[in-house]
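Colleague: I am new to this one, and I would like to know how you arrive at the labels you use. Could you show it to me?

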Amino acid sequence: MGLFDKLFKKKNTQKAVSVAQPQIFKPKKTVEELWCEVSKQQNPCLLKDIPYPSNYPQFKFNLNPLRTQAVIESSIPCECCGKIDKYSYIAGIDHYAKKEVPEIKNLCLYCIYNGEAIKKFGGAFTDKSFIANKTASKEVTEEIMYRTPSFTTWQEKEWLSHCKMPCTYIGQVYIGDLLKMGIYKQVRTELSKTFYYRQMPMTISDIDDMLIDMVEDSSIEGHLFMCIICKKYKLSVDLD
Ligand SMILES: [Zn+2]
Ligand SMILES: [Zn+2]
């Protein structure tokens, strides 16, 4: 079942409940009200607060891979170059187009950046079909596919775009991250536009209800992106 089928089902289920307890007008929550609820969590935020060293490869479409869940500190050698680096990319290589790709668990960021890992093992870090902007140039598309650290998802991956360009990946987030970064309202507005364009309009209250569940051990996962042109933030939601 696709993500939007699931969301639609979830939304319908919520509607069914509200028949028994009619709510004629449900106002959207203020950011303060949301933070009040979310801050009671043991781990309200997920994005790691690790600065990215300037002497490491700089990825245009993933500004700080150390903040994501796909890169960890490790002493295991890179499976491509055999060297031990402080950081290891553990999200693997996906095999698309029915091409056999070995299961790769550890890659250094250098072998991703210079394209050696994909040259050696085949596959892609992100498949072309997951890049939302189908008009992106071949150069940009291939940079994301073959030379940019990606991330793991339950359902199909979605690499968002804005201002006619693929966005840069920020990382997996909880609702707490969005509130702490002061971008909750912006993300919610962008998300409501996305649902509208996908002919699945959701009210702002519906989106609040969905995002308030985006916490530790929940069945909703959020991946945050930022437009490289206008710097607006966008969220991709994934359901277990
Ligand atoms: Zn390497
Ligand atoms: Zn933009």
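Colleague: Which residue in the hairpin of S6 and S7 takes a positive phi?

Modeller: That is Lys231, with a phi near 70 degrees; the hairpin has 6 residues between the two strands. Keep in mind that this is a predicted model.

Colleague: How do you know that S6 and S7 pair?

Modeller: Two strands count as paired once DSSP finds at least two bridges between them. S6 and S7, the latter covering residues 233–239, have 7 bridges in the antiparallel sense, so they meet that definition. Along the pairing, Leu224 stands opposite Leu235 in S7, and Glu221 faces Asp238 in S7.

Colleague: And what pairs with S6 besides that, in the sheet with the order S5-S6-S7?

Modeller: Strand S5, residues 168–173, pairs with S6 over 5 bridges, again in the antiparallel sense. Here Tyr169 stands opposite Phe225 in S6. Together they give an open sheet of 3 strands in the order S5-S6-S7.

Colleague: Why are S5 and S7 called edge strands?

Modeller: Each of them pairs on one side only. From one strand to the next, the twist averages 25 degrees.

Colleague: What makes strand S6 largely enclosed?

Modeller: A residue is buried if 20 or more other C-beta atoms lie within 10 Å of its own. In S6, residues 220–226, 6 of the 7 residues are buried, so the strand is largely enclosed by the rest of the structure. For the protein as a whole, 36% of the 240 residues count as buried.

Definitions and conventions:
Residues numbered from 1 in each chain as written. Chains lettered and ligands numbered in written order. Predicted model: local features only at pLDDT ≥ 70, side-chain atom pairs only at ≥ 80, totals over all residues. Buried ≥ 20, exposed ≤ 12 C-beta atoms within 10 Å, placed from the backbone. Helix = DSSP H or I, 4+ residues; strand = E, 2+ residues; numbered from the N terminus. Axes fitted to C-alpha atoms, helices over the stretch in contact; angles between N-to-C directions.
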